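I opened the file to look up how one strand sits among its neighbours. These entries record what I found.

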Amino acid sequence: MWSNEDLNANTSCLVSTGDSTLDKLISQWISWDKNGATQEQIKSLVQEGRVEELRRRLCSRMTFGTAGLRAAMGAGFSLVNDLTVIQSTQGMYMYLAKCFPDLCSRGLVVGYDTRAEECSGCTSERLARLTAAVMLCKDVPVYLFSTYVPTPFVPYAVKKIGAAAGVMITASHNRKEDNGYKIYWQNGAQISSPHDKEILQCIKENLEPWAESWKEDLVESSPLRSDPLEDVCRWYMEELNTVCFHRELNTRSPLKFVHSSFHGVGHSYVQRAFQAFGFPPPIPVPEQMNPDPNFSTVSCPNPEEGESVLELSLRLAEREEAKIVLATDPDADRLAVAEQCGRCGWKVFTGNELAALLGWWMLFNWKETHPDPAESERMYMLATTVSSKILKALAQMEGFHFEETLPGFKWIGNRIHELTKTGKEVIFSFEESIGFLCGSMVLDKDGVSAAAVVAEMAAYLHTRNVTLNQQLQNIYETYGYHISRTSYVVCNDPPTVKRIFSHLRNFEEENVYPETCGGYSIAHIRDVTTGYDSSQPDKKSVLPMSKSSQMITFTFHNGIVATLRTSGTEPKIKYYTELCAPPGKSDISNLEEELKKVTSALVEEFLEPERNNLSRRSV
């Protein structure tokens with residue numbers, strides 16, 4: 001292969017791997033990349049003759065999933081690094097310039113989390129600065145936060161400032177090796193079709209870096225760069241009063257709370273949110289309160305994984321005699337909650353259970369201030385279609401509107417925007433993966449505001465001698481038990497994923513879906529990947545068709561609803577099952593057993609983990 005001297009001497013197109021397309025991509029990378037660490041990674045792979053690894057890194061590009069562009073950090077066009085972020089921002093500039101004649105007066109908001117990869121010199125802050133530099137060199141004003149912020153601060157700032165768009169550099173709760181590029185439109189919601197496809201096309205048309213795109217120091221020297229941190233923080237904390245209903249009661253509450261920011265951005269912002277609600281600050285988990293891109297104290301940086309990753313929080317709460325633990329994920333857009341249940345240990349609430357509590361709480365306070373039942377006609381709650389149907393049960397009994405969206409908060413955010421334009425009010429939205437939005441001050445999930453709202457709900461219930469878990473049971477007794485199970489398998493081989501879902505669409509013969517699972521009869525099938533829904537007269541799905549991801553839902557004759565879908569951010573196939581009992585039915589042990597059997601059969605018969613070499617959830 002080639003020596004380093006050869007590669008440095010001529011980067012035009014002298015590399016020869018035997019694959020002319022790959023050779024061209026290698027030469028482009030070495031010519032375009034100004035980051036010495038990532039350029040060296042590609043050169044080393046060339047010297048070592050690792051052709052397949054070069055193909056993996058260079059022969060494909062990132063695409064938009066449920067949370068923007070997301071991949072591992074490192075060298076290559078398929079990964080997150082200086083060059084691909086510059087390319088992405090150049091494409092976005094070209095698209096924004098077409099969409100907004102006033103782009104140079106409206107500008108772009110840029111925020112970032114605390115992720116970093118030492119070997120490539122790739123940090124979220126540096127990627128944010130390069131994003132800003134590309135826009136600044138085109139005379140576009142940039143509102144670049146001077147320090148790390150929660151993800152919801154970016155869409156909030158876009159709306160408050162009136163910017164054309166926003167970018168957040170984050171990989172949220174993904175493994176430490178990953179990073180991402182999340183785009184918000186002028187309405188403060190994540191981009192959806194056709195913007196995502198149009199931006200990708202503009203990226204492909206502007207791959208070669210512009211001469212000034214690498215000028216990171218423009219962030220210091222350009223008069224078009226400003227820091228929105230102080231204003232946005234103040235506006236956000238003031239606007240929290242729209243979801244704070246009992247501030248006076250909060251100031252007197254004896255409850256103590258522990259908060260973990262999971263080595264991410266959330267600590268100071270949750271502290272301030274508690275102050276805005278009238279609470280003393282929550283007790284921080286000292287080992288996890290400061291940013292650490294290695295997430296040193298947890299097996300994975302996702303609080304959704306439950307008690308195993310909340311160990312430090314729970315032990316601190318026991319020492320401090322705090323009854324409730326709150327954990328925000330590394331970019332503080334999601335929230336996990338645990339409550340001490342006497343001598344029975346800790347109850348870690350699922351996303352669906354927390355949504356039942358928060359939906360009830362937001363409805364309870366809405367009714368206090370809107371006594372006229374007619375006002376419910378303009379009130380909405382939203383959830384993604386793989387989430388619990390508990391809000392639907394509340395809506396049917398209480399007379400407000402409930403709607404489902406495709407998975408991903410980008411669908412919820414854009415739907416809230418549409419409803420708000422017509423005078424409707426969305427008071428609560430959620431996705432089962434512990435993503436909640438109380439009110440609509442941000443058009444994305446928000447762990448900071450959710451943490452304060454949960455604290456207030458707990459403080460209020462405490463004055464009634466009711467715990468969160470007891471109130472959850474009250475909700476189920478009133479509106480019907482909603483028993484759900486959610487988990488996943490890991491698959492790092494995309495062709496295997498495609499084969500699994502193709503098999504379900506051609507189960508025993510071509511174009512025939514399964515009719516049973518585990519001996520239980522299937523009544524209806526909805527496949528949003530193909531747009532098919534057997535329950536509809538025209539056999540077309542009411543939810544929009546989504547060809548870019550796999551998702552099939554099975555509705556059983558016994559009332560169980562089960563969904564299999566690919567994650568938009570990780571190499572996972574997720575599965576969701578739920579059984580909804582009618583109100584008043586309190587003996588649920590048989591229902592739980594039935595749900596357990598269907599869930600097990602769904603995994604074993606439809607996913608076939610051993611045959612397909614799938615890794616089961618291990619945390």
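The entries below go from a single strand to the sheet around it.

Entry 1. I note at the outset that this is a predicted model.

Entry 2. I looked up the burial of strand β7, residues 178–184. I found 7 of its 7 residues buried, that is, under 20% relative accessible area. Strand β7 is therefore largely enclosed by the rest of the structure.

Entry 3. I then asked which residues cover each face of β7. On one side I listed Asp178, Gly180, Lys182 and Tyr184, and on the other Asn179, Tyr181 and Ile183; all are buried.

Entry 4. Which strands does β7 pair with? I found strand β1 (residues 69–72) joined to β7 by 4 bridges, with the two running antiparallel. In this pairing, Arg70 stands opposite Gly180. Strand β6 (residues 165–169) is also antiparallel to β7 and is joined to it by 4 bridges. Here I recorded Ile183 of β7 as the bridge partner of Val167.

Entry 5. I traced the strand order and obtained β1-β7-β6-β2-β5-β8, an open sheet of 6 strands with mixed pairing. Strands β1 and β8 (225–226) stand at the edges with a single partner strand each, so one side of each has no neighbour in the sheet.

Entry 6. I checked strand β2 (residues 108–112) and found it parallel to β6, with 5 bridges between them. Leu108 has Ala165 in β6 as its bridge partner. I then looked up helix α7 (residues 124–136), which packs on the sheet and touches β2, β5 (142–144), β6, β7 and β8. The direction of helix α7 makes about 165 degrees with that of β2.

Definitions and conventions. Residues numbered from 1 in each chain as written. Predicted model: local features only at pLDDT ≥ 70, side-chain atom pairs only at ≥ 80, totals over all residues. Heavy atoms only, no water. Buried < 20%, exposed > 50% of the residue type's maximum accessible area, 1.4 Å probe, protein only. Pairing = 2+ DSSP bridges. Contact = heavy atoms within 4.5 Å. Axes fitted to C-alpha atoms, helices over the stretch in contact; angles between N-to-C directions.
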